[in-house]
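Please look through the sequence and the structure below before reading my points, which begin with a charge and a ring and then turn to the core and its aromatic residues.

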Amino acid sequence: MSASFVLMPVIGSVLASVAAMASTQATDEPSVTDLRGRCDYRPEVLKSILPDTGLALCNSVRIERNADASVIDFRQTLGGSQFRYEGTWTGDGMAINRLAIRGRAPKPATGDCTVYRNAGQISTITCIAKAERKAFAANFVASRVNR
């Protein structure tokens, strides 16, 4: 039996381990995604929102994913950050633990964000959180230009 024949399973095992480590490291690395679109509140969306809920006005969103803390920031071109939700990722969504409104300091909050996809691309991002006895919601629809 030749040495190369014996080493093939070992080399295959090492390559598989290196590939597994690389894929784990890639998912733990911070990432930033900027999308253009608009905040949209169609009647079917408004039905599920309380009347005194604050709604974000936006034409872009920035998603900052980190292992420990992440951000979904709904923005206006001229007004900057409108609602900045902070929290931790859970699958294709985020559990919210802080919320900053229109550039103010973040406050403790509870809620959730959900990222919806169409053909693998982000199509909609919906967030709702409660902070200081008031609810704040954002419903972003990504432009097809992003795809």
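1. In this predicted model, the charged end of Arg65 is placed over the ring of Trp89, at 4.0 Å from the centre of that ring.

2. The largest nonpolar core contains 28 residues, and Ile72, Phe74, Tyr85 and Ile125 are those with the most contacts inside it. At least two residues of this core come from each of several strands, among them strand 1 (31-39), strand 4 (70-76), strand 5 (80-89) and strand 8 (121-131). Strand 8 gives the largest share, which is five residues. As a general background, nonpolar side chains in soluble globular proteins tend to be buried together.

3. How many aromatic pairs are there? The count comes to three when two rings are taken as a pair if their centres lie within 6.5 Å. For Phe74 and Tyr85, the ring centres are 5.7 Å apart and the planes stand at 90°, so this pair is edge-to-face. Because Phe74 belongs to strand 4 and Tyr85 to strand 5, the pair ties together parts that are eleven residues apart in sequence.

4. Tyr85 also forms an aromatic pair with Phe83, and this pair is edge-to-face, with 6.3 Å from centre to centre and 80° between the planes. Are these residues buried or exposed? Phe83 and Tyr85 are both buried, and Phe74 is buried as well.

5. Finally, the aromatic residues can be viewed as a group, since one aromatic cluster is formed by Phe74, Phe83, Tyr85 and Phe136.

Conventions:
Residues numbered from 1 in each chain as written. Predicted model: local features only at pLDDT ≥ 70, side-chain atom pairs only at ≥ 80, totals over all residues. Heavy atoms only, no water. Core = buried A, V, L, I, M, F, W, Y, C linked by side-chain atoms within 4.5 Å. Buried < 20%, exposed > 50% of the residue type's maximum accessible area, 1.4 Å probe, protein only. Helix = DSSP H or I, 4+ residues; strand = E, 2+ residues; numbered from the N terminus. Phe/Tyr/Trp six-rings, centres within 6.5 Å; stacked < 30°, edge-to-face > 60°. Lys NZ or Arg CZ within 6 Å of the ring centre and 35° of its normal.
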